[in-house]
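These are my notes on a single chain, taken while working through its fold, its core and its empty spaces. I begin with the structure itself.

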Amino acid sequence: MMSPNEMAKTIGAGLLSFPVTHFDENQQFIEGAYREHCAWLASYDVAGLFAAGGTGEFFSLTPTEVVTVVKAAAQEVKGIPLLSGCGYGTAIAIEMAKGVEGAGADGILLLPPYLTNATQEGLEAHIEAVCKATGLGVIVYNRDNGIIDEDTLARLCDRNPNLVGFKDGVGDIELMMRVYAKMGDRLTYVGGLPTAETFAPAYLEMGVTTYSSAIFNFMPEWALDFYAAVRARDTETIMNGLRDFVIPYITLRNKGKGYAVSIVKAGMKVIGRDAGPVRLPLTDLNPAELAELAALIEKANGSMQAKGLKAA
């Protein structure tokens, strides 16, 4: 198991992937296919894998299933950090953090508390309780009803050395700048807005050196090429990628609620690596939408081949 600081440094140096979770027609976890998928993703130059994250449908997994999924991923992911989603109420989050630590995770991504709103003091106590319950590195996911400010974050970092990362899912540029100005290199910063590639160039200038690519699930070579362009500030390649794939992809994603996950599983189906349906209450893309996505992927893969790179 990596130390929290080693884990944070490693994930900050490259692209991150959030594997989908494989389900059968009865919406039960398929371990073998999931392990094969994790092994395939880990074979690429990826800086870390997040099992049972948002793209992995964390919100539809029971706490026991989260541990099962992480344990399965740990059998295949070697040499790079493996992190797990963690969340819900404080008691469940603590139990889950301990469970995934035992299952082989190197860190956790702490999602907002379930449903309820809370004060800064309440969120601070919640995050600290989880940090104190585990030796794993913790990345706090700032989004929705779990938004903390830079002062709360600084106090937490002072008292919890294993709080090593900050993932932004808010898109508040002023808040992100305040956080980075106050915390500097104390944390690794992860871009977490969907679809992350859209925001990556701007966020790089705010110290956000990495992001979570859902697209990596079905177009890993494309995702790595785009990430390299972002880090190199290759504006032409970035803009071509946004115009030709990312923006049309977002337009398709926005056709249905919850499609941020559904479209990724649809992409898996298009490339012949079917991960099964999304779990309820999410719904899958309809046939016309699936065909539209297939055309986008075919075009993107054609561009990759023209550059001499391997397509999915």
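**Entry 1: the largest cavity**

I looked up which element contributes most to the lining of the largest cavity, and found helix 8, with 5 residues. The model is a predicted one, and I read every value below as computed from it. I then listed the elements that supply two or more residues to this lining: helix 8, strand 8 and helix 9. The volume of the largest cavity came out at about 90 Å³. Its lining holds 15 residues, and those nearest the centre are G191, A196, A200, Y203 and Y211. I sorted the lining of the largest cavity by class and obtained 10 nonpolar, 4 polar and 1 charged.

**Entry 2: the second largest cavity**

How many cavities of 30 Å³ or more does the whole structure hold? My search returned 2. The second largest cavity has a volume of about 60 Å³. I noted the residues that line it, among them L110, L111, P112 and P113, together with H126, V140 and Y141. Helix 5 (120–133) and strand 5 each give two or more residues to this lining. Of these, helix 5 gives the most, with 3 residues. By class I recorded 9 nonpolar and 2 polar residues in the lining of the second largest cavity, with no charged residue.

**Entry 3: the largest pocket**

I turned next to the open spaces. The largest pocket has a volume of about 950 Å³. It is lined by 39 residues, and G54, F59, L111, R143 and D144 are the closest to its centre. L111 also appears in the lining of the second largest cavity.

I asked which elements each supply at least two residues to the lining of the largest pocket. They are helix 8 (196–204), strand 8 (210–213), helix 10 (235–253) and helix 11 (259–270). The largest share, 4 residues, comes from helix 11. The lining of the largest pocket divides into 22 nonpolar, 11 polar and 6 charged residues.

**Entry 4: the second largest pocket**

For the second largest pocket I read a volume of about 240 Å³. Of the 13 residues that line it, W222, N240, G241, S303 and K307 lie nearest its centre. Helix 9 (220–231), helix 10 and helix 12 (287–306) each give two or more residues to this lining. Helix 10 gives the most, with 5 residues. I counted the classes as well: 5 nonpolar, 4 polar and 4 charged residues line the second largest pocket.

**Entry 5: the barrel**

I then traced the strands. In the order 1-2-3-4-5-6-7-8, 8 strands close into a barrel, and the pairing is parallel.

I checked two of the pairings in detail. Strand 2 (residues 48–51) runs parallel to strand 3 (residues 82–86), and 3 bridges join them. Opposite A51 I found S84, in strand 3. Strand 5 (residues 137–142) pairs with strand 6 in the parallel sense over 5 bridges. Within that pairing, N142 has D168 of strand 6 as its bridge partner.

Is strand 6 (residues 163–168) enclosed or open? I found 6 of its 6 residues buried, so strand 6 is largely enclosed by the rest of the structure.

**Entry 6: T210**

I selected one residue of strand 8, T210. Is T210 buried or exposed? T210 has 0% relative accessibility and therefore counts as buried, the cut-off being under 20%. Leaving aside neighbours within four places in sequence, I listed its contacts as I11, G12, G14, L15, L16, Y189, V190, G191 and Y227. G191 is also one of the residues nearest the centre of the largest cavity.

**Entry 7: the nonpolar core**

I closed with the packing. In soluble globular proteins, nonpolar side chains tend to be buried together. The largest nonpolar core here has 107 residues, and L153, F218, W222, F245 and Y249 touch the most other members.

I followed F245 further. Beyond its neighbours within four places in sequence, F245 is in contact with I215, F218, M219, W222, N240, L296, I297 and A300. W222 and N240 have been met before, as they are among the residues nearest the centre of the second largest pocket.

Note on methods: Residues numbered from 1 in each chain as written. Predicted model: local features only at pLDDT ≥ 70, side-chain atom pairs only at ≥ 80, totals over all residues. Heavy atoms only, no water. Core = buried A, V, L, I, M, F, W, Y, C linked by side-chain atoms within 4.5 Å. Buried < 20%, exposed > 50% of the residue type's maximum accessible area, 1.4 Å probe, protein only. Contact = heavy atoms within 4.5 Å. 1 Å grid on protein atoms, 1.4 Å probe; cavity = no way out; pocket = protein on both sides within 12 Å on 5 of 7 lines; lining within 4 Å. Points joined across faces, edges and corners; volume = space filled by probe spheres on them. Nonpolar A, V, L, I, M, F, W, Y, C, P; charged D, E, K, R; others polar. Pairing = 2+ DSSP bridges.
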